[in-house]
Amino acid sequence: MIHKYKLNGYNIVLDTNSGGVHVVDDITYDLLDNVEPPFEEKCPQRVVDKLSRFYPAEDINSCYEEIVELYNDKILFSEDDYEKFAKYSVASPVKAMCLLIAQDCNLRCEYCFASTGDYGKGRKLMTFETGKKAIDFLLEKSGDRENLELDFFGGEPLMNFEVVKQIVEYARSKEAEYKKKFRFTITTNGVLLDDDKIDFINKEMSNVVLSIDGRKKVNDKVRKRVDGTGCYDTILPKFKKLVEKRGDKEYYVRGTFTKYNLDFSDDVFSLYDEGFDQISVEPVVCEPEMPYALTEKELSAIFSEYERLSARILENESHGRKFNFFHFMLDLDQGPCAIKRLRGCGSGNEYVAISTDGDIYPCHQFVGLEEYKMGNLDDGTFNLDMKAEFAAAHVYTKPECKKCWAKFYCSGGCNANNYIYAGDIHNAHKFSCQLEKKRLECAIMLKAARLERE
């Protein structure tokens, strides 16, 4: 399987199964529209006759021989030999956890997937006792995994920050006993940040996600306080202070774009101009009838904006001004192991989310969906059959994914979005798929352009 496209002056051919990326000339690009395996010894005369209007017959035949050579070298039209690894996609130890430390929030973001923070379950905070049980659960279920990840999430985690600190202290106290190492992350809207919180976060959190949507007018339109006022002027200086004091530790600013800001590359560059160099601005995913929703009608504009953003990034880099844009930071060398390429994030298997009540879900986006409640910390239940179901959900059990050229990069997409918006974790959420494929095209083009500059 190959995928070919033109972008920013490059003719790009991706070989899905080998991961090979080829930047080709016009004749090769056009010839690939007319030939495919099994290859004949010489270029079929019908193809030569068809393309002779544009290229010399000698060049067509020579190009055909090069294509056949790439095929014989198994880097073009290569066979899919990954399905044999699917049998190893089985239940694994739990290595990562999302703690909904606060199912409450001091903002009322219009697009919030979590019902403005409470997940439809009423506003509440996690107790330290529940947090301790969550740590004990992760230690028990992590098997021989030495490195464990825990994300403090909400709602807004800073509304329950004393419990965050207690849980970190408790987890650290168990590391030597269990021969484990915790890597903490926290996601915050920044409203409650102060110097003490910044210092603790920068000391204990391996990564921090700072929620802001870009330009002031964009952010304050959708990310409002309970009283309806905006939060940009409050959070921006606090985020700058945190990043300045953070040194070389990981962070990123994370925004959401909606129908209201289809010019979202301006928001990316607004964040860069404010001093942030680790940036994620991602599309809202919601029901299409919502006023801020992205739908098929917006696809053309979104595609154009991703192309505009990639061109702006290249122009920026030509002047020595670089930053990382999360959705263009794709592994184009197929570095992760085969299983990672087949099933992606590990939700419901290697990764779970814990609600304030101690309920266990496959990930934070499943919280509140009772049909996907996996168990509870208080009663000691944990649905291993559901865990096995998620472990076995990979690109070869998802019909649309199996035949898609991007399958080894998105790894079957988001299980939660697939279920919520397409009815089943095995069904592709096609709108998200289209955006993912466009981002991948831009990311490959960026790599081709950067290699050309070297």
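Glu 175 and Arg 172 form a salt bridge in this predicted model, with their closest N and O atoms 2.9 Å apart. Both residues sit in helix α5 (residues 161-178), and because they are three residues apart there, about one helical turn separates them. Across the whole structure, a search finds 34 salt bridges. Here is a friendly tour of a few of them, followed by a pair of strands and a charged surface patch.

**Salt bridge within helix α5**
- Glu 175 counts as buried because its relative accessibility is 12%, under the 20% cut-off.
- Arg 172 has a relative accessible area of 24%, so this partner is partly exposed.

**Salt bridge within helix α10, and a network**
- Glu 305 pairs with Arg 308 in a salt bridge whose closest N and O atoms are 2.8 Å apart.
- These two residues belong to helix α10 (residues 299-318), where a spacing of three residues means that about one helical turn lies between them.
- Glu 305 is buried, with a relative accessibility of 7%, whereas Arg 308 is partly exposed at 35%.
- The pair also takes part in something wider: a network of salt bridges links Glu 305 and Arg 308 with Arg 215, Asp 263, Asp 266, Asp 267 and Arg 312.

**A salt bridge between distant parts of the chain**
- Lys 133 and Asp 378 meet through their side chains in a salt bridge, at 2.6 Å from N to O.
- This pair links distant parts of the chain, its members being 245 residues apart.
- Lys 133 is in helix α4 (residues 128-141), while Asp 378 lies in the loop between β15 (375-376) and β16 (381-382).
- With 35% relative accessibility, Lys 133 counts as partly exposed.

**Strands β7 and β8**
- Strand β7 (residues 147-153) pairs with β8 in the parallel sense, over six bridges.
- If you would like a specific contact to look up, Phe 152 has Ile 186 in β8 as its bridge partner.
- Strand β8 (residues 181-188) is largely enclosed by the rest of the structure, because six of its eight residues are buried.

**A negative patch on the surface**
- Five residues, Asp 25, Glu 65, Glu 66, Glu 69 and Asp 73, gather on the surface in a patch of negative charge.
- Within this patch, Asp 25 is found in the loop between β3 (21-24) and α1 (26-31).
- Asp 25 counts as partly exposed, its relative accessibility being 43%.

Conventions: Residues are numbered from 1 along each chain as its sequence is written. This is a predicted model: local features need pLDDT of at least 70, side-chain atom pairs count only at pLDDT 80 or more; totals for chains, interfaces and linings use all residues. Side-chain values use heavy atoms; hydrogens and water are left out. Patches are made of residues with over 30% relative accessible area and no salt bridge: like charges are joined within 9 Å, nonpolar side chains (Val, Leu, Ile, Met, Phe, Trp, Tyr) within 5 Å. Accessible areas come from the Shrake-Rupley method with a 1.4 Å probe; for residues, only the protein chains shown count as cover. A salt bridge is a side-chain nitrogen of Lys or Arg within 4 Å of a carboxyl oxygen of Asp or Glu. Lys and Arg count as positive and Asp and Glu as negative; His and the chain ends are not counted. The place of a charge is taken as NZ of Lys, CZ of Arg, CG of Asp or CD of Glu. Helices (H or I, at least four residues) and strands (E, at least two) are DSSP runs, numbered from the N terminus. Buried means under 20% relative accessible area, exposed over 50%, partly exposed in between (1.4 Å probe, protein chains only). Two strands pair if DSSP finds at least two bridges between them.
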